[in-house]
Amino acid sequence: IQSDHPDIRAAAERLAGVNAKGDAGALIRRAYDFVHDQIQNSDYENTLDALTTLRWKEAFCGGKSRLLAALLRANNIPATNSLPAQARSLQSGYKN
């Protein structure tokens, strides 16, 4: 998912900022808001990776989910863009 790439790490550090250090919930929200607000929806389905999505600032939902997972992983928050993994989290009682 490219969470170790310098551009992804730099973006993740900017999102973390000083205030979010140690507050995983706030950091997750910042990362989500960044992807939601700053990455435009693509008019066509594509399979962009996290880095390309960050650079182009445009992607279909798959590229956005890869970028969100990469930003979270770069901040040591376990993340996946796998629907089966999300379903397992819900079945095990995860509440958002």
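Helices are DSSP runs of H or I with at least four residues, numbered from the N terminus. The exercises below use this convention on a predicted model.

**Exercise 1.** Determine in which helix Ala 50 is found, and whether Ala 50 is buried or exposed.

*Solution.*
Step 1. Ala 50 belongs to helix H3.
Step 2. The relative accessible area of Ala 50 is 1%. Buried means under 20%, so Ala 50 is buried.
Step 3. Apart from neighbours within four places in sequence, the contacts of Ala 50 are Ile 1, Gln 2, Ile 8, Arg 66, Leu 67 and Ala 70.
Step 4. For one of these residues, Ile 8, the C-alpha atom lies 8.0 Å from that of Ala 50, although 42 residues separate the two along the chain.

**Exercise 2.** Describe the setting of Arg 66, beginning with the helix in which Arg 66 is found.

*Solution.*
Step 1. Helix H4 holds Arg 66.
Step 2. With a relative accessible area of 25%, Arg 66 is partly exposed, since this class lies between the limits of 20% and 50%.
Step 3. The side chain of Arg 66 reaches the backbone oxygen of Gly 62 at 2.9 Å.
Step 4. Beyond four places in sequence, Arg 66 is in contact with Ile 1, Thr 47, Leu 48, Asp 49, Ala 50 and Asn 81.
Step 5. Between the C-alpha atoms of Arg 66 and Leu 51, which are 15 residues apart along the chain, the separation is 8.8 Å.

**Exercise 3.** Establish how H1 and H4 are oriented to each other and which residues make their contact.

*Solution.*
Step 1. The two helices, H1 and H4, pack at an angle of about 70°, and their axes are 8 Å apart.
Step 2. Angles of 65 to 115 degrees count as roughly perpendicular; H1 and H4 are therefore roughly perpendicular to each other.
Step 3. H1 contributes Ile 8, Arg 9, Ala 11, Ala 12 and Leu 15 to the contact, while H4 contributes Leu 67, Ala 70, Leu 71 and Ala 74.
Step 4. By type, eight of the residues in the contact of H1 with H4 are nonpolar, none is polar and one is charged.

**Exercise 4.** Identify the residues of the largest nonpolar core that touch the most other members, and the helix that supplies the largest share.

*Solution.*
Step 1. The largest nonpolar core has 23 residues, of which Ile 8, Leu 15, Phe 34, Val 35, Leu 54, Leu 67 and Leu 71 touch the most other members.
Step 2. At least two residues of this core come from each of H1 (6-16), H2 (24-38), H3 (50-56) and H4 (61-74).
Step 3. H4 supplies the largest share, six residues.
Step 4. Leu 54, for its part, contacts Asp 7, Ile 8, Ala 11, Phe 34 and Leu 67, leaving aside its neighbours within four places in sequence.

Terms used
Residues numbered from 1 in each chain as written. Predicted model: local features only at pLDDT ≥ 70, side-chain atom pairs only at ≥ 80, totals over all residues. Heavy atoms only, no water. Core = buried A, V, L, I, M, F, W, Y, C linked by side-chain atoms within 4.5 Å. Buried < 20%, exposed > 50% of the residue type's maximum accessible area, 1.4 Å probe, protein only. Contact = heavy atoms within 4.5 Å. Polar contact = N/O pair within 3.5 Å; in protein donor to acceptor, adjacent residues only side chain to side chain. Axes fitted to C-alpha atoms, helices over the stretch in contact; angles between N-to-C directions. Parallel < 35°, antiparallel > 145°, perpendicular 65-115°, else oblique. Nonpolar A, V, L, I, M, F, W, Y, C, P; charged D, E, K, R; others polar.
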